[in-house]
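Me: I have a structure open and a few quick questions about it. Can we start with a term I keep tripping over?

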Amino acid sequence: MRDDEILDRIKALVDEEHGLRTRLMAGELATDEENARVNELEAALDQCWDLLRQRRARRGAGDDPDGASSRPASQVENYRQ
């Protein structure tokens, strides 16, 4: 996945998260449903940001950014910012 594709994916995930929160505030969505999906979105966002950082680091080191790979959500969710 190219950087621009990752950024597009991040935007789509953030847009979905905002949509869920809007629906929740409007009473159109149960809190349990929203929480479950938001957790999934947060994990996917963590993975996307991690992949983008890997690609940028590889490029900065003179390596091929396509050598970066997505890591499991369980791994990237425990990173400290």
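Reply: Buried means a relative accessible area under 20%, exposed means over 50%, and partly exposed is in between. Glu17 counts as buried because its relative accessibility is 13%. Keep in mind that this is a predicted model.

Me: What does Glu17 pair with in a salt bridge?

Reply: Its side chain meets that of Arg21, with N to O at 3.2 Å. The two are four residues apart in helix 1, so about one helical turn separates them. Arg21 counts as partly exposed, at 34% relative accessibility.

Me: Why can such side chains pair?

Reply: Side chains of opposite charge can pair when their charged atoms come close.

Me: How many salt bridges are there?

Reply: The count comes to 11. One of them joins the side chains of Asp3 and Arg59, at 2.9 Å from N to O. That pair links distant parts of the chain, with Asp3 in helix 1 and Arg59 in helix 2, 56 residues apart.

Me: Is Asp3 buried or exposed?

Reply: Asp3 counts as buried, at 16% relative accessibility. Its partner Arg59 is at 40%, so Arg59 counts as partly exposed.

Me: And what does Arg55 form a salt bridge with?

Reply: With Asp66, where the closest N and O atoms are 2.9 Å apart. Arg55 lies in helix 2 and Asp66 in the loop between helix 2 and helix 3, so the pair ties together parts 11 residues apart in sequence. Arg55 is buried, at 5% relative accessibility, whereas Asp66 is exposed, at 54%.

Me: Which residues are linked with those two in a network of salt bridges?

Reply: Asp3 and Arg59 are linked with Arg55 and Asp66 in a network.

Me: New topic. Which residues of helix 1 are buried?

Reply: Asp3, Ile6, Ile10, Leu13, Glu17 and Leu20. Helix 2 is included in what covers them.

Me: Where is Glu34, and what is it in contact with?

Reply: Glu34 is found in helix 2, which covers residues 31-60. Leaving aside neighbours within four places in sequence, Glu34 is in contact with Leu20, Arg21, Leu24 and Leu29. Glu34 is buried, at a relative accessible area of 2%.

Me: How far apart are the end C-alpha atoms of helix 1?

Reply: They are 33 Å apart, which agrees with the 33 Å that its 23 residues should span at 1.5 Å a residue. Just after helix 1, Gly27 takes a positive phi of about 80 degrees.

Me: Last one: where is confidence lowest?

Reply: In helix 3, residues 73-76, at a mean pLDDT of 88; helix 1 is highest, at 93. The chain averages 90, and 96% of the residues score at least 70.

Technical notes
Residues are numbered from 1 along each chain as its sequence is written. Side-chain values use heavy atoms; hydrogens and water are left out. pLDDT is the predictor's confidence in each residue, from 0 to 100. Buried means under 20% relative accessible area, exposed over 50%, partly exposed in between (1.4 Å probe, protein chains only). Contact means heavy atoms within 4.5 Å. The expected span of a helix is 1.5 Å times one less than its number of residues. A salt bridge is a side-chain nitrogen of Lys or Arg within 4 Å of a carboxyl oxygen of Asp or Glu.
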